[in-house]
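Dear colleague,

I am passing on a structure for you to look over, and my notes on it follow directly below the entry. Please read them alongside the coordinates.

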Amino acid sequence: MKRLFFILLLVGACALPVSAHVGSPDVFLEGNAGPYKLFVTVRVPQVIPGIAEIEIRSESNDVSRIRIAPMQLTGPGSQYAPAPEAADRSKNDPQFFRGSLWLMEFGSLQVRVEAEGAHGQGLLAVPIPAVAQRMLPMQRSLGLLLFALMLILALAMVSIVAAAVREGNVTPGAPVPVARKRRVGFAAVTATFVVAAVLALGGLWWRADARQYASHIYSPPAIDAAISPNGQLILRAGPIRIASGNPRRPADVIDFTGLVLDHEHLMHLFLVRSPGLDAFWHLHPERSSSGSFIQNLPAIPAGHYQIFADVVLTSGFPVTMIGQLDLRSAIAGKPLTGDDSGIEGNSIASETNAPPEFSFPDGSRMIWVRDAQPVKPLRAGVPLILHFRVTDPSGRPAADLEPYMGMPAHAAIVRSDGSVFAHVHPTGSVPMASFELAQASLPGNSNAAGPAPMNMAAMNMPQMPADKIAPDISIPYGFPKPGLYRLFIQVKRAGQIETAFFDAAVK
Ligand SMILES: [Cu+2]
């Protein structure tokens, strides 16, 4: 009976983890495992405990073996790797590997990728935020089957007790004494009560566990926005609840004090006017002594804005908070400073026959390069690399790109209804702060507290900022569901931040 309940519990307590972006749970990362450049996609599991599907494409054909292991991103659990499992190499495509891993716990995890090949061995750590997003209902057929099994077991238990009392110490072959019949009836009734009580207790246990699991379900935390009389944006958030490493422990509660710098800022704030997605701002509020975040607003037109606020917790867990801002009138604002940037443009197109080209005011352009000709439609759920090229006004590759907050480019990908928001980079969907923490946990790298030095080799990037940035930008991503998306791509050129945008219909 206990085992039955355990099975019932496992089935009932299923949940769906989600990553820190909004509505875009899969993890995409392009990075170097030693000498090998890998494109890693992690499809987070449907359940926790559950199976993560991992797809790895090696850029070169000299990788002979890939092994993968799940572990914690930070803390003692990040130091003791479990025995890794081999990823299967595709027979048709020797550069493609696929594997699966059990994720047994919530929280800030990593998938450690170990590549072996002609140039020795290399390691890459891929951060995975594992949280429950919802509970899956039990399938009706499974519920009926389990109920029938429960009935059979319950009846069997009663009949075993009755049989034991009736025939327990009767000599084989001899008839059952008539006087026992009453005792048999009594025993059967008692056994029925005991079995019913066990079932009732099991039901209580079941519901208590379901409630506890429900308390771990993660949805993007809300952030409150208000405009102060002097035109500043004030952002406040309640504590952020993140399920802890062990599903049976209470959730961790984190406030704005437990954050780490990501791209030199504690918060990356995105304001996107909806429904047209026709005004976009990428700002960096400062944390005030009162625990809120404050931002001087630039000149912003009136309208309804969706707020997406990215922060990274000290565990390396990335969080996107969501909120709304209604501006009844335009804000005169202050000129943009520092890394703040934005753009106003036309509304997102309902038909995307727009040319994959964006013209900047000086005549230079950003081109979305689609490899296949004719261009293949974009499909949901397919990992891809988005390529963009920046040209100068004469059409030549631009030579004036600089790192923008340590990156060749920053991209915000927004679905037309705001249900998907992803802040991605040429390294993928993982925030740089989480990525650095993950690489610092690798053997041989320092895992001292505090931000790790940027591992440019693992980031698959030339040394920055001394070097110029190549005008060809590639960003790994996979659209999570069909729909209309706007891609805001930001680069820095000769000290100036430029924002281009492209619309994409995803099938
Ligand atoms: Cu960014």
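The notes below begin with conventions and the overall fold, then turn to the metal site, the aromatic rings, one helix and some backbone details.

This is a predicted model, in which local features need pLDDT of at least 70 and side-chain atom pairs count only at pLDDT 80 or more, whereas totals for chains, interfaces and linings use all residues. Residues are numbered from 1 along each chain as its sequence is written, and side-chain values use heavy atoms, with hydrogens and water left out.

The chain contains four helices and 30 strands, where helices (H or I, at least four residues) and strands (E, at least two) are DSSP runs numbered from the N terminus. Of its 507 residues, 49% are buried; buried stands for under 20% relative accessible area, exposed for over 50%, and partly exposed for what lies in between, with a 1.4 Å probe and protein chains only. Taking contacts (heavy atoms within 4.5 Å) between residues at least 6 apart in sequence, 69% join residues at least 24 apart. The exposed area of the chain is about 23,600 Å², with 58% of it supplied by carbon and sulfur atoms; areas come from the Shrake-Rupley method with a 1.4 Å probe, and for residues only the protein chains shown count as cover.

The copper ion has as its protein donors His410 (ND1), His423 (NE2) and His425 (NE2), at 1.8 to 2.1 Å, and along the chain these donors follow the spacing H-x12-H-x1-H. His410 lies in strand 26 (residues 410-415) and His425 in the loop between strand 27 (421-424) and helix 4 (432-440), 15 residues apart. His410 is buried, with a relative accessible area of 1%, and His425 is likewise buried at 1%. Donors are N, O and S atoms within 2.8 Å of the metal (3.2 Å for Na, K and Ca), and as water is not among the atoms, sites may look incomplete.

The model holds 13 aromatic pairs, a pair being rings of Phe, Tyr or Trp (its six-membered ring) with centres within 6.5 Å, counted as stacked with planes under 30 degrees apart, edge-to-face over 60 and tilted for the rest. The rings of Phe358 and Phe360 are an edge-to-face pair, because their centres are 5.4 Å apart and their planes stand at 65°. Phe358 is buried at 13% and Phe360 at 4%, and both belong to a cluster that ring pairs form with Phe270, Phe280, Phe308, Phe421, Phe488 and Phe501.

Helix 4 is largely enclosed by the rest of the structure, since nine of its nine residues are buried; among them are Met432, Phe435, Glu436 and Gln439. These buried residues pack against strand 1 (27-33), strand 8 (107-117), strand 9 (120-130), strand 14 (259-260), strand 19 (303-313) and strand 20 (318-327).

Finally, some backbone geometry deserves a look. Most residues other than glycine have a negative phi, and most peptide bonds are trans. The bond from Ser274 to Pro275 is cis, with omega near 10°, and Pro275 is placed in the loop between strand 15 (268-274) and strand 16 (279-283). In the loop between strand 14 and strand 15, His263 has a positive phi near 50° and counts as buried at 4% relative accessibility. Glu264, in the loop between strand 14 and strand 15, has a positive phi of about 70° but counts as exposed at 51%.

Best regards
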